[in-house]
Amino acid sequence: MSEFSEKAKSRIYLEYKNAPKLIQWILALPDVAASRITEQTEKIRNILDIDNAEGEQLNICGRIAGYRKRPAGRFYPGCEVAEVDDVLFRKMIKAKICKNNGIATIDDIKAAADYILDVNVTVLDAQDMTMRLVWHEDSVSIAVQQLVEDYDLIPRPQGVGMRKHRVIKRKPFGFGRHFSNFGNAPFWYGDGTPPVHYYGSIKITWSEGVLSGEIVVNDLDVTDQDVTVIITGEDGVQRVQRAVTDSMGKFSLSTITPPATVIARALLVTLDCEALALESEPLEIN
């Protein structure tokens, strides 16, 4: 029995307490109110529940916060340009709300970061017009960390820069109570994981009328990569041809007419969804 039914039943005059038909009729009214008014009101209230809204319902929350449409970007792990999913869009809406209503003090920034990232964040003021976020939990996804670093997710005072955040998972090597971490923790890299420095190159050669090339890069797949070959003729006119690498990162072209100067370019996407641009040294073909 709902609270409305209990309240209606408590208001029946004592002389009608034992009139079953009257009681049945009176108790029918709260049920109608609950189904036609209360439930619909609850649905309207839940429309603006950012934590539980999904799909188009979340798009409505975004439009109220100031997003005309769902943003698109390149995020881990897909690393393809696409509309952000519900998890990321939810974070962006929360950030928009905080930016629209915050006053950007240290306490306000911490409260916003805690609310957006759902972790306990420490805000460090470097006293040089920059600040940094530090947290000790491993629950913030790589994609959300990318939003923090590259898309200015956390509110900040005007003119104050945001340094790269740090995720400190364990104490540095050799530290801890009674040196208990000695030999049990890695060296500290600032964000808890060793940085990955990508480096690579494109090497091209010419032999017997065929241009051969190879993409060499660390920690990335070189299979099925698009290569742009820019050919500058003797008259200075540039032509562009395309090639695709095999499983070993190699490619070739046999449609180049010498004399010409050739440059090969490729754009790879790293594991953290950043672009790695490669360009070969110019090759003179005679």
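The following questions and answers walk through helix packing, strand pairing, a salt bridge and some backbone features in a predicted model.

Student: Are helix α3 and helix α4 roughly parallel or roughly perpendicular to each other?
Tutor: Two packed helices are described by the angle between their axes and the distance between the axes. Here the axes of α3 (residues 55-65) and α4 (residues 86-101) come within 9 Å and cross at roughly 20°. Angles under 35 degrees count as roughly parallel, and therefore the answer for α3 and α4 is roughly parallel.

Student: How many nonpolar residues does the contact of α3 with α4 have?
Tutor: On the side of α3 the contact includes Leu-58, Cys-61 and Ala-65, which meet residues of α4 including Phe-89, Ile-93 and Ile-97. The contact also holds 4 polar and 3 charged residues, with Asn-59 of α3 and Arg-90 of α4 being among the residues that take part. The number of nonpolar residues in this contact is 6.

Student: Is the crossing of α4 and α6 left-handed or right-handed?
Tutor: Helix α4 and helix α6 (residues 142-150) pack at an angle of about 35°, and their axes lie 10 Å apart. Leu-88, Lys-91 and Met-92 of α4 make this contact with Ala-143, Val-144 and Leu-147 of α6, and by class it has 5 nonpolar, no polar and 1 charged residues. While α3 passes α4 in a left-handed crossing, the crossing of α4 and α6 is right-handed.

Student: Which residue of helix α4 forms a salt bridge with Asp-51?
Tutor: Side chains of opposite charge can pair when their charged atoms come close. For the salt bridge of Asp-51, the closest N and O atoms are 2.8 Å apart, where the rule asks for a distance within 4 Å. The pair links distant parts of the chain, since Asp-51 lies in the loop between α2 (20-47) and α3, and its partner, 43 residues apart from it, lies in helix α4. That partner is Lys-94.

Student: Which residue in the turn between β9 and β10 has a positive phi?
Tutor: Strand β9 (residues 226-233) and strand β10 (residues 238-244) run antiparallel and are joined by 7 bridges, with Val-227 standing opposite Ala-243 in β10. These strands form a hairpin with 4 residues between them, and the residue with a positive phi, about 90°, is Gly-236.

Student: Which strands stand at the edges of the open sheet of 3 strands?
Tutor: The order of this sheet is β7-β8-β11, with antiparallel pairing, and its neighbouring strands are turned by 20° against each other on average, direction ignored. Strand β8 (residues 210-217) pairs with β11 over 4 bridges, and Gly-213 stands opposite Phe-251 in β11. An edge strand has a single partner, so one side of it is left without a neighbour in the sheet, and the strands placed in this way are β7 (200-207) and β11 (250-253).

Student: Which residue other than glycine has a phi near 60°, and which peptide bond is cis?
Tutor: Most residues other than glycine have a negative phi, and most peptide bonds are trans. The residue with the positive phi lies in the loop between α4 and α5 (106-117), and this residue is Ala-104. The cis bond, with omega near 0°, leads into a residue in the loop between β11 and β12 (260-269), and this bond runs from Pro-258 to Pro-259.

Terms used. Residues numbered from 1 in each chain as written. Predicted model: local features only at pLDDT ≥ 70, side-chain atom pairs only at ≥ 80, totals over all residues. Heavy atoms only, no water. Axes fitted to C-alpha atoms, helices over the stretch in contact; angles between N-to-C directions. Helix = DSSP H or I, 4+ residues; strand = E, 2+ residues; numbered from the N terminus. Parallel < 35°, antiparallel > 145°, perpendicular 65-115°, else oblique. Left-handed = near helix turned anticlockwise from the far one by under 90°. Contact = heavy atoms within 4.5 Å. Nonpolar A, V, L, I, M, F, W, Y, C, P; charged D, E, K, R; others polar. Pairing = 2+ DSSP bridges. Salt bridge = Lys/Arg side-chain N within 4 Å of Asp/Glu carboxyl O.
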